[in-house]
Each structure stands twice: as structure tokens, then as C-alpha cells.
Amino acid sequence: MTSTTHKSSVATSDLEYTVIDNKVDLGSLGYMELMDVMGNDLSIANAARVSYNKSSANFDAEKDRKLIYFLAKHKHWTPFEQNSLKFRVKCPIYIARQWMKHRCWVFNEISARYTVFTNTIYKPDEFRIQDTKNKQASLKAEDLDQETAGQVYDEAARVALEAYNRLIELGVCREQARGVLPVGSHTEFITTVNLRNYMHWYNLRAPHEAQWEIQQFAKASIKMVEQHFPIAIDCFKQLQIEAAANN
Ligand SMILES: Cc1cc2nc3c(=O)[nH]c(=O)nc-3n(C[C@H](O)[C@H](O)[C@H](O)COP(=O)(O)OP(=O)(O)OC[C@H]3O[C@@H](n4cnc5c(N)ncnc54)[C@H](O)[C@@H]3O)c2cc1C
């Protein structure tokens with residue numbers, strides 16, 4: 001099957017990331033909540049200081065910032081790994097699948113074997129077109145028939161949900177009935193990661209090469225994480241800017 005050619009060269013705009021009670025609501029896409037945090041900027045500095053059998057009670061804005069920058073620049077990662085973040089996420093299954101490729105995160109996910117699926121199916125607010133230069137990416141559509149695309153999508157979702165509910169009514173077990181649900185169905189999981197691996201994930205999933213939907217989770221999450229680790233995140237960002245300038 002061939003697809004119609006469309007014009008575009010622009011990326012889709014990002015969502016708003018407003019943090020309320022450690023949670024960012026991403027509308028029809030889902031949400032991300034920072035449930036728990038272990039550590040802060042001072043714990044990074046103190047993890048490094050134990051080498052000299054030293055510890056500080058208070059964060060020194062100048063000295064400790066320099067230390068954290070030094071650690072990140074020279075890839076002394078373990079002081080960052082002493083700090084953990086726990087999130088609750090609601091996202092489409094295909095985004096969860098990309099996320100779960102990251103082996104240094106720990107996941108517990110809602111089970112469609114143990115519970116009847118009552119969640120929603122993600123419907124994009126805006127359909128995008130395939131990027132012809134970067135084959136894995138997509139672009140904002142200037143002339144795509146959004147209305148028809150929306151109708152086709154809604155109809156497929158409706159048929160899938162109806163089939164699922166009918167199979168459950170017929171007495172088919174949940175673990176088989178779920179086979180007709182699309183990969184756009186929402187799932188929910190709790191996940192924990194240390195600060196080093198969080199930044200690794202952010203660096204892979206926030207850039208425009210990543211799928212727009214997972215970019216939204218990456219960019220929303222850093223708004224929450226930087227409230228707890230403002231200096232570390234600032235140092236990571238500074239190093240990224242320096243690396244880009246040197247390339
Ligand atoms: C834009 C993009 C497109 C992608 N496309 C595809 C695709 O088409 N198909 C596909 O299958 N995947 C794809 N991926 C997933 C990608 O291949 C990685 O699986 C994913 O990004 C996780 O990266 P990671 O292994 O560095 O991270 P993590 O698994 O979180 O690991 C973090 C780091 O720990 C170390 N580490 C962890 N486990 C090991 C190990 N067993 N051995 C050695 N070192 C280890 C590595 O240094 C690694 O970088 C894509 C990822 C991105 C960002």
C-alpha cells in the first residue's frame with residue numbers, strides 16, 4: 001500500500017508541563033507522577049566525600065556545585081546512582097514498550113490477566129505524517145485530513161473495545177480477550193530508577209529523534225526531577241550544551 005505525499009518540515013509542538021502535586025497531566029496521552037525521591041544534591045556531594053571520610057551538613061552553593069559538575073564531567077557516576085526516583089505512569093502500551101527497553105529501570109505494571117481492561121485507548125490530538133528524511137521520525141502535518149484520520153482511528157478503537165467486552169461477556173478469560181486490544185491502549189506502571197540512569201533515559205528520549213509521545217514524558221519528568229536535584233540537572237544540561245558546542 002502506498003501513502004499520499006504531504007508537505008511538512010516542522011516538528012509537532014510540545015505539550016504544557018505543569019507540575020501540580022508532583023504530577024504532570026499529559027491530557028489524552030496519560031500522566032506522570034513522581035511518587036517518591038531518595039536523595040538530593042547534597043547526597044550526591046556527600047557520596048563523593050566519603051572517599052575522604054568527610055560529610056557536609058549543608059549544601060555549599062559554590063563548592064558543591066563545582067564538585068557535582070566535576071563528577072558528571074569525569075563520569076564518576078556512582079554518587080548519582082545513590083539517588084532514586086519512583087514514578088507512576090499512564091501511557092499507551094507502545095510507549096511503555098519503548099520505556100521498558102531501558103534495563104536499569106524497575107517496573108511493575110497493571111495486569112490485563114488479573115483485571116478486566118477498563119482503561120482508555122490513546123487518541124492523538126493531532127495526527128502526524130512520516131518524515132521522509134529521518135525514516136523513523138514524524139512531522140507536523142500541514143495538509144493531512146485530520147478529520148478522516150480521526151474517524152478511521154475512532155472506528156478501529158470502537159470495534160476493538162466492543163470485541164474485547166463481548167469476549168469477556170462470553171466468558172473468555174481476560175488473558176486471551178486482551179489479544180484484540182490495540183497497542184494504543186493505555187497501561188499504567190510504577191517504575192524506579194537511579195539518577196544516573198534517569199539522565200541516560202532522558203538524554204535518549206527527550207531529543208527529537210525519539211517518538212514525540214515519549215518525548216513528552218521525558219520533558220515532563222525533568223520538570224519534577226529538577227525540583228529535587230536542581231544543581232545536578234543543571235550540571236547535566238550544562239555538559240550537554242558544552243558537548244554540542246564541541247561537536
Ligand atoms: C530513538 C531510538 C530508537 C530506537 N529504536 C529501536 C528499534 O528500532 N528497535 C529496538 O529494538 N530498540 C530500539 N531502541 C532501543 C535501544 O536499542 C535501547 O534498547 C534503549 O534505548 C535502551 O538503551 P540502553 O541499553 O543504553 O539503556 P539501559 O537498558 O537503561 O541501560 C543503561 C546503560 O547500562 C549499560 N547496560 C545495561 N545493560 C547492559 C548489558 N546487558 N550489557 C552491557 N551494558 C549494559 C549500558 O551502558 C547502557 O547504556 C531505540 C531507542 C531510541 C532512543
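In the predicted model, helix α7, formed by residues 195–205, lies across strands β4 and β8. Strand β8 covers residues 186–194, and helix α7 runs at about 125° to it.

Strands β4 and β8 belong to an open sheet of 6 strands. The order of the strands in this sheet is β1-β2-β3-β4-β8-β5, and their pairing is antiparallel. The edges of the sheet are formed by β1 (19–20) and β5 (106–109), each of which pairs on one side only.

From the β1 edge, the sheet can be followed strand by strand. Strand β1 is joined to β2 by 2 bridges, and these two strands run antiparallel. At this pairing, Ile20 stands opposite Lys23 of β2.

Strand β2, residues 23–25, pairs in turn with strand β3, residues 31–38, in the antiparallel sense over 3 bridges. Val24 has Met32 of β3 as its bridge partner. Strands β2 and β3 form a hairpin with 5 residues between the strands. In this hairpin, Gly27 takes a positive phi near 60°.

Strand β3 also pairs with strand β4, which spans residues 84–92. This pairing is again in the antiparallel sense and extends over 7 bridges. Here Met32 has Val89 of β4 as its bridge partner. Met32 is thus a point at which the two pairings of β3 can be traced, with Val24 as a bridge partner and with Val89 of β4 as a bridge partner. In the strand order, β4 is followed by β8 and then by β5, the latter being an edge strand.

Technical notes: Residues are numbered from 1 along each chain as its sequence is written. This is a predicted model: local features need pLDDT of at least 70, side-chain atom pairs count only at pLDDT 80 or more; totals for chains, interfaces and linings use all residues. Two strands pair if DSSP finds at least two bridges between them. Helices (H or I, at least four residues) and strands (E, at least two) are DSSP runs, numbered from the N terminus. Two residues are in contact if their C-beta atoms, placed from the backbone, lie within 7 Å. Axes are lines fitted to C-alpha atoms, for helices over the stretch in contact, and angles run from 0 to 180 degrees between N-to-C directions.
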